[in-house]
Amino acid sequence: MTTGTTSDTTSGAQPGPAAGEASDTAADVRELRRFNRFYTNLIGALDYGRHLYTPFTLTEARVLYELAHQQRVDAADLRASLSLDAGYLSRLLGKFEDRELITRGKSERDPRRQRITLTKDGRNAAGLLEERSQDAAGSLLERLPVADRARLVASMRTIRTLLDEDADRASTAPAPEVTLRTTRPGDLGWMVERNAALYAAEYGFDLSYEALVARIVAEYAEAFDPRWDRTWIAELGGERAGAVMCVRDGRPGVARLRLLLVEPGARGHGVGRQLVDVCVEFARDAGYAELVLWTNSILGAARSIYQRAGFELVAESAHHSFGQDLAGQDWRLAL
């Protein structure tokens with residue numbers, strides 16, 4: 001009846017979409033699903049372990065990533081941030097614990113919560129995953145001309161912003177600014193403390209590493225010459241977030257990059273890249289012919305930064321230092 005139809009409409013029921021709108025929506029859904037199938041196949045999501053030559057599934061790799069990139073992780077926070085079922089996450093963490101990749105204990109903030117911590121083997125596994133993920137992503141981008149790469153990255157950013165409510169909210173707030181400056185009183189002591197604390201927490205380095213960093217910093221301060229030596233402190237949102245040194249190597253025309261450090265909470269903001277870039281620029285302007293550095297193979301993120309800056313690996317050898325079995329690497333950049 002006509003009165004019934006009028007009553008339904010005026011009481012708040014909304015008219016259905018027009019035929020053309022329904023057709024467009026269906027086409028959009030098909031295109032979205034087509035893209036999902038394409039992208040999951042492109043990144044090897046269905047067989048992630050074989051894609052990156054690791055024993056981990058995509059979910060396991062993501063959990064390891066979160067554990068490696070946060071200073072303190074409780075199981076409840078991990079479950080919420082990754083939208084995982086509590087039982088599934090518990091079984092996954094149990095598997096990690098059996099393989100001695102993590103330890104579990106009471107949270108310092110709330111004894112009712114469970115704190116998850118990576119072991120040395122867990123940090124190594126997460127570092128290997130990070131390195132191979134970086135390489136896989138880089139190989140995809142390398143296929144594209146610079147202009148197409150910029151279009152791709154912009155499109156990905158648009159997708160993430162439109163579909164992620166958290167990203168949409170974050171986009172309204174200004175991103176913290178990374179600034180670089182030279183040292184002030186107290187900065188060198190901070191570098192010793194943070195290097196020692198971070199490398200002990202993330203890689204299990206012992207007291208001998210702190211002693212080495214202290215010697216490097218002391219020698220820098222005692223022999224400092226502003227024409228040839230420089231240290232930069234990176235700040236993020238006004239807080240110290242990283243540091244790097246450029247010093248004379250002892251050989252004519254050779255400078256050495258030392259003690260690159262990025263705080264865990266500042267990673268992902270380009271701090272390491274900016275620190276390495278300013279070090280390279282200073283060495284070049286000072287008249288050095290080459291810039292060298294020594295690092296260890298477990299530092300995958302730092303090595304990626306060096307490679308992007310143009311450094312080349314020239315030597316590698318196994319050694320036992322700082323309480324660990326390591327592979328030391330010498331890198332060189334012709335200026």
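**Exercise 1.** Is Arg194 buried or exposed?

*Solution.* Start with the scale: buried means under 20% relative accessible area, exposed over 50%, and partly exposed in between (1.4 Å probe, protein chains only). Arg194 has 15% relative accessibility, so Arg194 counts as buried.

A word on what you are looking at: this is a predicted model, where local features need pLDDT of at least 70, side-chain atom pairs count only at pLDDT 80 or more, and totals for chains, interfaces and linings use all residues. Residues are numbered from 1 along each chain as its sequence is written, and side-chain values use heavy atoms, leaving out hydrogens and water. Here pLDDT is the predictor's confidence in each residue, from 0 to 100.

**Exercise 2.** Find the residue whose side chain meets that of Arg194 in a salt bridge.

*Solution.* First, the rule: a side-chain nitrogen of Lys or Arg lies within 4 Å of a carboxyl oxygen of Asp or Glu. Next, the partner is Glu263, at 2.6 Å, N to O. Glu263 counts as buried because its relative accessibility is 12%.

**Exercise 3.** Place the salt bridge of Glu290 and Arg332 in the chain.

*Solution.* Strands are DSSP runs (E, at least two residues), numbered from the N terminus. Glu290 is in strand β8 and Arg332 in strand β10, 42 residues apart. Their side chains meet at 2.4 Å, N to O. Glu290 counts as buried at 17% relative accessibility, whereas Arg332, at 34%, is partly exposed.

**Exercise 4.** How do β8 and β10 run, and how many bridges join them?

*Solution.* The two strands run antiparallel, joined by 7 bridges. One of the partnerships is Leu291 with Leu333 in β10.

Key
Two strands pair if DSSP finds at least two bridges between them. Helices (H or I, at least four residues) and strands (E, at least two) are DSSP runs, numbered from the N terminus.
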